[in-house]
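Student: Please take a close look at how the interior of this chain is packed, and go through it residue by residue where that helps.

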Amino acid sequence: MRVLVAVLTAVAMFSGVVSAAVAEDLRPKQLTVRGTTFVDGYGREVVLRGFNVSGEVKLAENGFLPFAGAADARRSARSMRALTGANAVRIPVSWAGAQPVRGQVDTRYLAALTEQVKAFLDEGFAVLPDYHQDLYSRYLFNPGSWYSGDGAPKWVVAAGGYPAESCGICVHWGQNITQNSVVQNATRDFWHNAHGVQDEFVGQAVRTMSYLRENLTPAQFAGIAGMDPYNEPFAGRYDQGQDSKAWEQNVLWPFFKRFREAMDAAGWQDKPAFVEPNMFWNANISFQLHPGGFQDTGVMGPRFVFNTHFYDQLAQSGVFMPGKAGDGQYSASFGAMRDRAAALGTAAIVTEFGHPMTGYTSDKTPTVDKAMYQALDSRVPGASWWRRPAESGPVLSGTQWQWDVYSGRHHELMNDNPSKVLTDGDAWNGEDFSAVRTADDGTSQLRQDARLLDRIYPAAVAGHTLAFTYEDRSRDGSQTLTWNQVPATMPATAALAGAGRYGVLVWQGTDAGAPTELHVPAGMTPTVVTDLGPAAVSRSGDRLLLAATPGPHYALIAEPAVAPTAAQLAAARSELAAWATTATSGR
């Protein structure tokens, strides 16, 4: 590798600042799947990072829409970009909102939804619509119920003629999935197309997707990443002699292939279906595990994406994990996601992860969420990353649950009961996951450490990523969490990183038509040490741009407390060049 260094102290200090026109051209292009990664129209490997927007779709207060109106959506998009540097959102869609009457779609709902989707597309976000459901439908529950659901319309429940629901002694809403017989039976009926409800769902999905395509400009539609057909699928009840893997193969996978055909019919043939396995396939409490992950499906290929969620049930229990999360806590769990995607011949994405912001296990949230982001970045724990970077695996895309600008300000009549008005948290089954809130002055404020959420990440790599890591120095109360120390064998690099945030990217470059892009957190004035020449390094807003150049490359992005000397930079580049040559080759 040629060894040169570029030090960026302000945008105005280097001639490589790109024009507004070029910056606009660098917005996300049509995404496709190549191997185990997403790629854009330039052929760059793309990493999607952002949030679910939002759990508001579970509620009736705004008509099962993500926002009260398009103006709120635009403010949310802009604040998310400014506060976190996100480039993607997963936007839930309500079947109940789209088809309140059998055989008809509500074009008023679809028009409002489309305007809110446009707000994010116009800000440069990739958007993944998600047909969302939990506990199948809110209409399975009566005004006095302890819990509520979302998803299927009222007419679907009426067609099933289900009795009054009861979960018995359930201390968490999720227990309804496997213990509430009404929820179980209604869910099973969907998968077996009882009363033709699955036919209706697929039919309205064609009309909904067609409406979106027809009412977005071609440029806007290019920003639609694909479609998530069904949130957190579960059998409800397995058929006699059936286990979870057989259910995935014989019931769930045929449904997803059917939905794939619906996407094609709606003009979405160039976009992948983001399909989820059995929701309990990767449960980390043994008695909740239902083995799966499409183990018997064979190669899915690039028209599907392996789309999964991860919540630490051990940590949320408050019983099975008494302490906090640590370095490498989820390396194995997220490694399994990478492995399943590779076996399926496609990319992986984690479209839900996070931990409660309040409640009796919320003291774990800073460490749990840091460990999850760490596992998205690399499958190697921080303590051993510098020795084993070649084992990092693909950088995973992910959307945290959730970004709710109405957090703590809801007015939801639980199950339409005027005596049960919910305002706190997410206003849904006692959850409180939002990373953001709206202050009294109308501005969006983070509820989590900005160092955790506003991260360096390789948004687009002109070539192939060989290794990546990011030490965010996020905090747990007054304690700074550092899980990835630069080793003592690289003293100059360690001194340059100091106590600040830093990221390292190693990649095999290609001569793409656009540069490698890394998001730079707000307030960070980066010092960049790379083998690329100074003219190949520039900055555009929150993006660090590294010119597309064939060959192996490395870049360290750090924020030293004091400007380094030329001698310090020379020593760091020498260490990094030697390390990158040997470490990523596996020697």
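Tutor: Among contacts (heavy atoms within 4.5 Å) between residues at least 6 apart in sequence, 77% join residues at least 24 apart. The model is predicted, so local features need pLDDT of at least 70 and side-chain atom pairs 80 or more, while totals for chains, interfaces and linings use all residues. Numbering starts from 1 along each chain as its sequence is written, and side-chain values use heavy atoms, without hydrogens or water.

Of the 587 residues, 60% count as buried (under 20% relative accessible area, with a 1.4 Å probe and protein chains only). The largest nonpolar core (buried Ala, Val, Leu, Ile, Met, Phe, Trp, Tyr and Cys joined through side-chain atoms within 4.5 Å) has 108 residues. Phe120, Tyr136 and Phe334 have the most contacts inside this core. Its largest share, nine residues, comes from helix α10, residues 244–265 (helices are DSSP runs of H or I, at least four residues, and strands of E, at least two, numbered from the N terminus).

Apart from neighbours within four places in sequence, Tyr136 touches the aromatic residues Trp95, Phe190 and Tyr230, among others. Its partners also include Asp150, Gly151, Ala152, Val156, Ala186, Thr187 and Val197. A second core, separate from the one around Tyr136, has 23 residues, including Trp386, Leu496, Leu556 and Ala558.

Another buried tyrosine is Tyr470, with a relative accessible area of 5%; Tyr470 sits in strand β17, residues 463–471. Its C-alpha atom is 6.7 Å from that of Ile456, although the two residues are 14 apart along the chain. Leaving out neighbours within four places, Tyr470 is in contact with Ile456 and also with Asp454 and Arg455. Other partners of Tyr470 are Asp377, Arg501, Tyr502, Gly503 and Pro521.

Some buried residues lie in loops. Ala427 belongs to the loop between β13 (421–422) and β14 (436–438), and its relative accessible area is 5%. Asn429 is in the loop between β13 and β14 as well and counts as buried at 14%. Most residues other than glycine have a negative phi, and most peptide bonds are trans. Against that background, phi is positive in Ala427, at about 60 degrees, and in Asn429, near 50 degrees.

Two peptide bonds are also worth checking in the loops. The bond from Val53 to Ser54 is cis, with omega near -10 degrees, and Ser54 lies between β5 (49–52) and α2 (70–84). Trp401 and Gln402 are likewise joined by a cis bond, with omega about 5 degrees; Gln402 is in the loop between β11 (397–400) and β12 (412–413).

Technical notes
Buried < 20%, exposed > 50% of the residue type's maximum accessible area, 1.4 Å probe, protein only.
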